[in-house]
Amino acid sequence: MSNPSADAVAVSPRQRRRPPLAAAVVQSLATAIVLGEYPPGTALPSAGVLCEQYEVSRTVIREATMALSEKGLVATRQGWGTVVLDQEQWSLLDPLILDALFQRKDRLVFLDNLIEIRTTLECAMSARAARLMDDTQAAALSAKLDELAALRGDPEAYSRADIEFHEIIHRASRDAFGRAIVSSIQGKAVRYPQYSGDPTREHIELTHEAHARIAAALLAQDAEEAAEAMRDHITSSWDRRRPLDTSGA
């Protein structure tokens, strides 16, 4: 059985001072599993082999294996050792698993799914925000829109403020679960250029027009228009920046 690739390995002698060691081993093995270096149904190397590979104690490997089990990645099978489970059993919202999913060759499948989730949840949150937004939140939204207008020539700064614009709406909706789900998934995705893209000035102008439409609907307390404006914004923005599928799937 092959060892995890250099990209997946997170532990080296130079990194031993990074506590806790078990967390570093978990990150390395979780990434290797999600990237398919240990396919479902196969066993991880024995504890002795992992101790030697990562230069850690059996206690560290035992703690790491328990953590992987809690994430739904592995299970102990008598006579087989620590066996990798099917993807259906993984805790897909776990930060380590999400981070690795967006590194896979088929990541567009998950990015497209993220857009579907965002569309469903953020349209509902926009409608709720239109009904529930108070004066302080309305003022914050207007101020953020003005800030965005001033940042149209700076794509990186605009992207940061863009996320903050959406967060104001999420908070105003008082949808704690929806906000948590979108934040956890998108928080990992935005780190990858395949999701964020490389927006041109024209794209930013179109995005800003969409933001202005959303803000106008929210400030007018028009729940139906707020939801529709958010739907058009998320889907059209993804259409503009979505990379070509080169996975061969």
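In this predicted model, the largest pocket is lined by 26 residues. Nearest to the centre of that pocket sit S159, D162, S196, S237 and R241. Several helices share the job of building the wall: α5 (107-132), α7 (155-173), α9 (193-196), α10 (201-219) and α11 (223-241) each give two or more residues to the lining. The top contributor is α7, with eight residues. Sorted by class, the lining of the largest pocket comes out as 10 nonpolar, nine polar and seven charged residues. As for the space inside, the volume of the largest pocket is about 520 Å³. Rolling a probe the size of a water molecule over the atoms is what shows where empty space is left.

Next comes the second largest pocket, which holds about 150 Å³ of space. Two elements, α4 and α5, give two or more residues to its lining, and α5 gives the most, with four residues. The residues lining the second largest pocket are L92, L93, L98, L101, F102, F110, N113, L114, I117 and I185. By class, nine of these are nonpolar and one is polar, with no charged residue in the lining. That lack of charge in the second largest pocket sits beside the seven charged residues in the lining of the largest one.

One of the residues in the wall of the second largest pocket, I185, also turns up in the list of buried residues of helix α8. The others on that α8 list are G178, V182, Q186, K188 and A189. Seen down the axis of α8, the buried residues fall within an arc of 165°, so they line one face of the helix. What do the buried residues of α8 pack against? Their partners are α4, α5, α7 and α9. The length of α8 can be checked too: at 1.5 Å a residue, its 14 residues (176-189) should span 20 Å, and since the end C-alpha atoms are 20 Å apart, the helix agrees with that expectation.

Helix α1 (residues 21-34) passes the length check as well, because its 14 residues should span 20 Å at 1.5 Å a residue and its end C-alpha atoms are 20 Å apart. Is α1 mostly covered or mostly uncovered? It is mostly covered, with 11 of its 14 residues buried. Those buried residues are A22, A24, V25, V26, S28, L29, A30, T31, A32, I33 and V34. The cover over them includes helices α2 (47-54), α3 (58-70) and α4 (95-101), along with the strands β1 (74-77) and β2 (81-84). Just after α1 ends, G36 takes a positive phi of about 90°.

A few single residues help to fill in the picture. P45 belongs to the loop between α1 and α2. With a relative accessibility of 18%, P45 counts as buried, because the cut-off for that label is under 20%. A long way along the chain from P45 is R242, 197 residues apart, and the C-alpha atoms of the two are separated by 38 Å.

Another loop, the one between β1 and β2, is home to W80. Here the label goes the other way: W80 has a relative accessibility of 62%, so it counts as exposed, a label that needs over 50%. The C-alpha atoms of W80 and S46 are 10.0 Å apart, with their positions 34 residues apart along the chain.

A216, found in helix α10, falls between the two labels. Its relative accessible area is 46%, and therefore A216 is partly exposed. A216 and A129 are 87 residues apart along the chain, and their C-alpha atoms are separated by 12 Å.

Stepping back to the whole protein, there are 11 helices and two strands. Starting from the N terminus, the elements run α-α-α-β-β-α-α-α-α-α-α-α-α. Along its principal axes, the C-alpha trace spans about 65 × 35 × 35 Å. Of the 249 residues in the protein, 43% are buried. How many of the contacts between residues at least 6 apart in sequence join residues at least 24 apart? The share is 70%.

Key
Residues numbered from 1 in each chain as written. Predicted model: local features only at pLDDT ≥ 70, side-chain atom pairs only at ≥ 80, totals over all residues. Heavy atoms only, no water. Expected span 1.5 Å × (residues − 1). Buried < 20%, exposed > 50% of the residue type's maximum accessible area, 1.4 Å probe, protein only. Contact = heavy atoms within 4.5 Å. 1 Å grid on protein atoms, 1.4 Å probe; cavity = no way out; pocket = protein on both sides within 12 Å on 5 of 7 lines; lining within 4 Å. Points joined across faces, edges and corners; volume = space filled by probe spheres on them. Nonpolar A, V, L, I, M, F, W, Y, C, P; charged D, E, K, R; others polar. Arc of directions from axis to C-beta.
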